[in-house]
Each structure stands twice: as structure tokens, then as C-alpha cells.
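Good morning, everyone, and thank you for making room for me on the agenda. I would like to walk you through one chain slowly, from its overall outline down to a single residue.

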Amino acid sequence: MRVLVADDSPTSRRVLQLHIEKMGHEVIPATDGDEALKLFLDQRPDLVLLDVVMPGRSGFDIAREMRNERPDDWIPIIFLSGNVKDQDVADGIDAGGDDYLTKPANPVVLRAKMLAMQRISNMRHQLAEANRQLVHQSNHDSLTQLANRRALDDYLAKQWAAAVRHGSRPLSLVMLDVDYFKDYNDHYGHQAGDECLAAISQVLRKNLLRVEDMAARFGGEEFMIVLPETPLEGAVKVGERLRREVRDLGISHRYSRLDYKFVTVSVGVASTIPRASLKLKQLIKMADHALYDAKNAGRDCVCSAMLHTPDDIEG
Ligand SMILES: [Mg+2]
């Protein structure tokens with residue numbers, strides 16, 4: 001641990017530093033409250049030992065400020081005081097501290113309290129990490145690590161609404177489907193099928209250079225890419241590049257019914273200027289139709305369409 005030790009008494013500070021360094025921790029010394037606060041913010045220690053009586057502001061005031069400055073980041077604070085009464089302990093906890101140590105600090109008690117704080121601190125870090133992973137899992141497809149359908153739907157709805165509000169920003173969708181994937185799975189097995197999808201996902205991820213672009217797994221072997229503020233021509237270029245790069249992976253597919261015996265994708269691109277008279281699902285349908293056209297045109301190719309009015313989508 002990196003331990004911030006704030007105490008105005010040089011002797012007391014040195015003794016504490018000696019004990020703590022003996023336990024194998026690093027000490028960041030501070031001679032008063034203001035210095036302690038500055039070091040707390042700059043260096044983010046793992047534990048704070050804070051003398052209560054210091055010139056200028058008291059340890060309680062400093063603890064309160066530390067909690068205010070980092071409300072979501074719990075760093076344990078242990079107060080140090082020569083003469084501890086019950087009310088001092090209560091005030092210290094009120095001020096945001098976690099424990100109290102009587103000076104001169106007994107090394108056995110100091111070690112035990114530091115260990116207890118470290119335990120809680122570790123637990124909190126584990127919980128925070130588990131929470132991050134849960135959020136990630138709820139938005140990502142586990143096989144491809146791309147956004148899942150849920151995250152895609154949320155993102156698309158937001159982008160659509162933002163573009164409608166703006167009034168003249170294009171929104172484009174690129175839909176990809178792996179050609180003869182069922183034959184691939186049937187002959188090479190599902191494990192190989194999964195690896196194939198993962199390899200294709202990497203191509204998608206590598207090619208999306210703007211943070212606002214999103215690649216998602218739309219369904220089994222179908223992927224969708226959302227390209228905000230991108231007109232049709234730009235989206236077709238993206239679709240064409242992806243098609244070529246998947247082909248260039250050179251994943252052998254002897255059972256493809258194309259002459260080219262490698263894994264390929266068909267690509268459908270649709271674009272529109274979102275406005276209130278149109279619906280997002282019409283744009284998705286249009287991308288789906290374009291993909292269908294690409295399949296009919298012989299696969300391993302890109303077809304595209306522009307959505308101007310609801311009439312552009314028949315049926
Ligand atoms: Mg003091």
C-alpha cells in the first residue's frame with residue numbers, strides 16, 4: 001500500500017514512517033492538513049493516517065474535504081490523536097474517517113488496523129471490477145466481443161433521435177451476412193464456425209476508426225455497423241472495404257457454392273436523413289433488403305439503397 005501519513009510532529013511522523021515501511025508499505029509524508037489534501041488528490045494513496053490536531057485546519061476538516069473531493073472513491077482514513085475520548089471517535093467517524101489510533105501508535109495495533117483497512121479496500125476493488133465486468137457483459141456478445149443486439153438497439157435509437165433533432169445529418173447502416181455459413185458449420189463444426197465469426201469481428205473492429213461508429217452482432221452470422229453522420233457513398237466504401245478484408249482473411253471454405261472457396265460476406269448498405277416522417281425500422285428494413293439484393297446478385301458483393309420516403313420500402 002501507499003500510505004499518506006499527515007502529522008505535524010516530525011518525531012511522530014518519523015516513528016510512524018519507520019513502522020509502516022517495516023511492514024513493507026510506502027509512505028507519503030505530509031506536515032500539515034493542506035499538504036495532506038494536496039498529496040491525497042495528486043497521488044491517490046491507498047490509506048490515509050491523519051493527525052487530528054495540526055496547525056491550520058484539523059484532521060477532521062481535512063477528512064471531510066477528502067470525502068467531498070472523491071465521493072465515489074473510498075480510501076480508508078485512520079485518525080491519530082494523543083488523547084482519545086469517546087466523543088472524539090464519534091466525531092471522527094462523522095467526519096468521514098474509518099478508525100482511530102492513539103498516539104504514540106502501538107506497532108501491533110497499527111499493523112492490525114492497516115490490515116483490516118486493506119481487506120476492506122481489496123474487497124471494494126473486487127466489487128468495482130465485478131461491476132465493470134457485468135456492465136460489459138450485458139452490452140457485449142461473448143463470442144465476438146462486439147456490441148450485442150440490446151446495446152445496438154439502444155445505440156441506434158439514440159442516434160436516430162439525435163439525427164431527427166438535428167434535421168440534416170445522414171445515418172447509414174451496413175449489414176453483413178456470412179455466405180453459406182450453414183454449410184461451413186455443418187462441415188467444419190461449430191467450434192470452427194465460432195472461430196470464423198470471431199475472425200470476422202476482428203476485421204469489423206479494426207476498421208471502425210471513429211468512436212461513434214458501432215459494430216454489433218445482429219444475429220447468428222449477421223453483423224450490423226452503425227455509421228452516424230455518414231452519407232451513403234461513405235458507408236458503401238466501408239462496406240466494400242469490409243467485404244474485401246473478410247475475403248482476404250483467406251479462411252478456407254471448400255463447401256462454399258461460390259467458385260471462390262473461401263469465407264466471404266454479402267453486404268447491404270442503407271442510408272437516410274432521419275426525420276419525423278420516417279421510422280428507424282424502415283431504415284433497418286432497407287439495409288436488410290439491400291443485403292438480400294447482394295445475396296441474389298451472387299454474394300461476396302455490396303448492394304446499397306437510399307431511404308427518402310416511407311414508400312421506398314414496399315411491403
Ligand atoms: Mg499534531
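I will begin with the whole chain, then take the two domains in turn, and finish with one residue in a helix.

Please keep in mind throughout that what you see is a predicted model. The chain holds 10 helices and 10 strands, and its C-alpha atoms fill a box of roughly 85 × 45 × 25 Å when that box is taken along the principal axes. A compact globule of 315 residues would have a radius of gyration near 20 Å, whereas this chain has 30 Å. The domain assignment splits the chain into domain 1, residues 2-137, and domain 2, residues 149-312, and the C-alpha centres of domain 1 and domain 2 are 53 Å apart. Of the 315 residues in the chain, 36% are buried. If we look at contacts between residues at least 6 apart in sequence, 65% of them join residues that are at least 24 apart.

Let us turn to the sheet with the parallel pairing. In which order do its five strands lie? The order is β2-β1-β3-β4-β5, and these strands form an open sheet in which the pairing is parallel. The edge strands are β2, residues 26-30, and β5, residues 99-102, each of which pairs on one side only. From one strand to the next, the twist averages 20°. Helix α5, which covers residues 107-139, packs on this sheet and touches β3, β4 and β5, and its direction makes about 165° with that of β5.

As a reminder for those new to this, strands of a sheet pair through backbone hydrogen bonds, either parallel or antiparallel. Strand β3, residues 47-51, is joined to strand β4, residues 77-81, by four bridges, and the two run parallel; L49, for instance, has I78 in β4 as its bridge partner. On the pairing with β1, there are again four bridges to β3 in the parallel sense, and here V3 has L47 of β3 as its bridge partner.

Is β3 enclosed or open to the outside? Five of the five residues of β3 are buried, so the strand is largely enclosed by the rest of the structure. In a regular strand the side chains alternate between the two faces of the sheet. In β3, L47, L49 and D51 point one way while V48 and L50 point the other way, and all of these are buried.

Next comes helix α2, residues 33-43, whose buried residues are G33, A36, L37 and F40. Why do they sit on the same side of α2? They cover an arc of only 100° around the axis, and that puts them on the same side of the helix. The general background is that an α-helix has 3.6 residues a turn, so residues three or four places apart point the same way. The buried residues of α2 are covered by parts of the structure that include β1, residues 2-6, together with β2, β3 and α3, residues 59-69. On the face of α2 that is turned away from its buried side, we find the exposed residues K38, D42 and Q43. After α2 comes R44, whose phi is positive, near 40°.

Now I move further along the chain, to strand β6, residues 171-178, which is mostly covered, with eight of its eight residues buried. Both faces of β6 are covered, since L171, L173, M175 and D177 on one side and S172, V174, L176 and V178 on the other are all buried. With strand β8, residues 222-228, β6 pairs in the antiparallel sense over seven bridges, and one of these partnerships sets S172 against L227 in β8. With strand β9, residues 265-272, β6 also pairs in the antiparallel sense, over eight bridges, and there D177 has S266 in β9 as its bridge partner.

Finally, let me stop at one residue, N207, which lies in helix α8, residues 190-207. Is N207 buried or partly exposed? It has 14 other C-beta atoms within 10 Å, and because a buried residue needs 20 or more and an exposed one has 12 or fewer, N207 counts as partly exposed. Leaving aside neighbours within four places in sequence, N207 is in contact with V238, R241, L242 and E245. N207 and E245 are 38 residues apart along the chain, yet their C-alpha atoms are separated by 9.4 Å.

Definitions and conventions
Residues are numbered from 1 along each chain as its sequence is written. This is a predicted model: local features need pLDDT of at least 70, side-chain atom pairs count only at pLDDT 80 or more; totals for chains, interfaces and linings use all residues. Two strands pair if DSSP finds at least two bridges between them. Axes are lines fitted to C-alpha atoms, for helices over the stretch in contact, and angles run from 0 to 180 degrees between N-to-C directions. Two residues are in contact if their C-beta atoms, placed from the backbone, lie within 7 Å. The arc is that of the directions from the helix axis to the C-beta atoms. Domain bounds come from an automatic or database domain assignment. The radius of gyration is taken over C-alpha atoms; the globule rule is 2.2 Å times the number of residues to the power 0.38.
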